[in-house]
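Trainee: Could we go through this model together, beginning with its nonpolar packing and then turning to its charged pairs?

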Amino acid sequence: MSSAPTFSFPVPPADLVITPDERAALYFIPQSPGGMPVSEEMQQRLQDKGLATPIREDGRRWLTELGDRARLGKI
């Protein structure tokens, strides 16, 4: 008999505070045509908090696992 899979989710830092504006911006990362523009300053704030990646090869930032969990309201 096989055992059930276990999942490991990233644990947010105890001092992580996500403002309402930051949480709203998570829905628009990565940037795409027709989407709400997210300022470079906001993208950098999300990156500094570990919620978004540095700029990748395609020129965009993407959400980290932690950022995706925050977007979904799990943290």
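Mentor: The questions below take up the core and then the salt bridges of this structure, which is a predicted model.

Trainee: Which elements give two or more residues to the largest nonpolar core?
Mentor: The largest nonpolar core has twelve residues, among them Ile18, Leu26, Ile29, Val38, Met42, Leu46, Leu63 and Leu66. The elements that supply two or more residues to this core are helix 2 (40–48) and helix 3 (65–71).

Trainee: Which residues does Ile29 touch, not counting residues up to four places away in sequence?
Mentor: Ile29 is itself one of the residues of the largest nonpolar core, as are Val38, Leu46 and Leu63. With residues up to four places away in sequence left out, the contacts of Ile29 are Val38, Gln43, Leu46, Arg61, Trp62 and Leu63.

Trainee: How many residues apart in sequence are Glu22 and Arg45, which form a salt bridge?
Mentor: In the salt bridge between Glu22 and Arg45, the closest N and O atoms are 3.1 Å apart. Glu22 belongs to helix 1 (residues 20–25) and Arg45 to helix 2, so that the pair links distant parts of the chain, with a separation of 23 residues.

Trainee: Is Glu22 buried or exposed?
Mentor: The cut-off needed here is that buried means under 20% relative accessible area. Arg45, with a relative accessible area of 31%, is partly exposed, whereas Glu22 has a value of 2%, and therefore counts as buried.

Trainee: Why does the pair of Lys49 and Glu22 tie together parts that are apart in sequence?
Mentor: The side chains of Lys49 and Glu22 meet in a salt bridge, at 2.7 Å from N to O. Because Lys49 lies in the loop between helix 2 and helix 3, while Glu22 lies in helix 1, the pair ties together parts whose separation in sequence is 27 residues.

Trainee: What is the relative accessibility of Asp58, which forms a salt bridge with Arg60?
Mentor: The closest N and O atoms of Asp58 and Arg60 are 3.6 Å apart. Arg60 is partly exposed, with a relative accessible area of 28%, and Asp58 also counts as partly exposed, its relative accessibility being 43%.

Trainee: Which residues are joined into one network by salt bridges that share partners?
Mentor: The structure holds five salt bridges, including the pair of Glu22 with Arg45 and the pair of Lys49 with Glu22. Through shared partners, salt bridges join into one network Glu22, Arg45 and Lys49.

Terms used: Residues are numbered from 1 along each chain as its sequence is written. This is a predicted model: local features need pLDDT of at least 70, side-chain atom pairs count only at pLDDT 80 or more; totals for chains, interfaces and linings use all residues. Side-chain values use heavy atoms; hydrogens and water are left out. A nonpolar core is a set of buried Ala, Val, Leu, Ile, Met, Phe, Trp, Tyr and Cys residues joined through side-chain atoms within 4.5 Å. Buried means under 20% relative accessible area, exposed over 50%, partly exposed in between (1.4 Å probe, protein chains only). Helices (H or I, at least four residues) and strands (E, at least two) are DSSP runs, numbered from the N terminus. Contact means heavy atoms within 4.5 Å. A salt bridge is a side-chain nitrogen of Lys or Arg within 4 Å of a carboxyl oxygen of Asp or Glu.
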